[in-house]
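Below is a short report on one protein chain. Please look over the sequence and the structure before reading on.

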Amino acid sequence: LQFFRRGKLWTKWGGGTWRVTGGTKVEMQLCGAVTLTFDSATAPTRFDYTAGGRAGKGVRDPAFAAAAAAPPDASPPCGSAACGSQARTLSRLRGHGPWALGDAPISGGRTGYAFYRGGMAATPDGVAKYRPLPDSADVELSIGGDTFLLRTEGIVGCYQVHVARQRDKHAMKLWVPMRHVSMEYTGWRDSGGCKL
């Protein structure tokens, strides 16, 4: 499970929504209601769930324990007077999502990318690492043997990032798919003109 701002979430079965309904309770909508009860409101590691009369247990993926333990970033949100060039790209990535890389998922693009504290990222292929480049707004993402340069310079929408695969300079886009008002006619659209 990947929880994002704006009440969005991502699972290996697709996307959904979530909302806090009590101190340690979260309700998710994934083709039906699922209720999670976490072991802690501030540092959860386990949860019980109920869905459609069934119950079970879950745990935080141990691969992401370091991201959960990392201190919250002191970087100001993008748009504030103190927003530095590094904070601009990082504030667009962290907490927002799920990110898709390349084309729309229906056209072969892949989704399920998430950026966490401590330089950890989740991808459809597993855990990845990212780091801000010194004296730059750019971020380097390492997935397996590939390295990607992420850049927000020249981007108008806040849920888009330019991507260049470093081995061949192949240009792509990293974007957050959002339901468009006319989704039934146009499919997924990426967002532009929003404010962080």
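The text goes from the whole chain to its strand pairings, and ends with one arginine.

**Overall picture**

This is a predicted model. The protein chain holds three helices and 17 strands. Of its 196 residues, 37% are buried. Contacts with a separation of 6 or more were also sorted by distance in sequence: residues 24 or more positions apart account for 35% of them. The chain exposes about 11,100 Å². Carbon and sulfur atoms supply 55% of that area.

**The seven-stranded sheet**

Strands β1 to β7 form an open sheet, in the order β1-β2-β3-β4-β5-β6-β7. The pairing is antiparallel. Its edges are β1 (2–3) and β7 (54–59), each of which pairs on one side only. Inside this sheet, β2 (residues 8–11) and β3 (residues 14–20) run antiparallel and are joined by four bridges. One bridge can be named: Thr 11 has Gly 14 of β3 as its partner.

**Around β10**

Strand β10 covers residues 120–123. It pairs with β9 (residues 110–115) and with β11 (residues 126–132). The table sets out both pairings.

| Pair | Sense | Bridges | Residues between | Facing residues |
|---|---|---|---|---|
| β9 and β10 | antiparallel | two | four | Phe 115 and Ala 121 |
| β10 and β11 | antiparallel | four | two | Ala 121 and Ala 128 |

Both pairs form hairpins. In the turn between β9 and β10, Gly 118 has a positive phi of about 75°. Ala 121 stands opposite Phe 115 and is also the bridge partner of Ala 128 in β11.

Are the faces of β10 covered or open? Both are covered. In a regular strand, side chains alternate between the two faces of the sheet. Here Met 120 and Ala 122 lie on one side, Ala 121 and Thr 123 on the other. All four are buried.

**Arg 165**

Arg 165 belongs to strand β14 (residues 160–165). Is Arg 165 buried or exposed? Its relative accessible area is 17%. The cut-off for buried is under 20%, so Arg 165 counts as buried.

The Arg 165 side chain makes a polar contact with the side chain of Asp 168, at 2.9 Å. Leaving aside neighbours within four places in sequence, Arg 165 is in contact with five residues listed here: Asp 146, Thr 147, Phe 148, His 170 and Met 172.

Definitions and conventions: Residues numbered from 1 in each chain as written. Predicted model: local features only at pLDDT ≥ 70, side-chain atom pairs only at ≥ 80, totals over all residues. Heavy atoms only, no water. Buried < 20%, exposed > 50% of the residue type's maximum accessible area, 1.4 Å probe, protein only. Pairing = 2+ DSSP bridges. Contact = heavy atoms within 4.5 Å. Areas by Shrake-Rupley, 256 points an atom, 1.4 Å probe, with all protein chains shown as cover. Polar contact = N/O pair within 3.5 Å; in protein donor to acceptor, adjacent residues only side chain to side chain.
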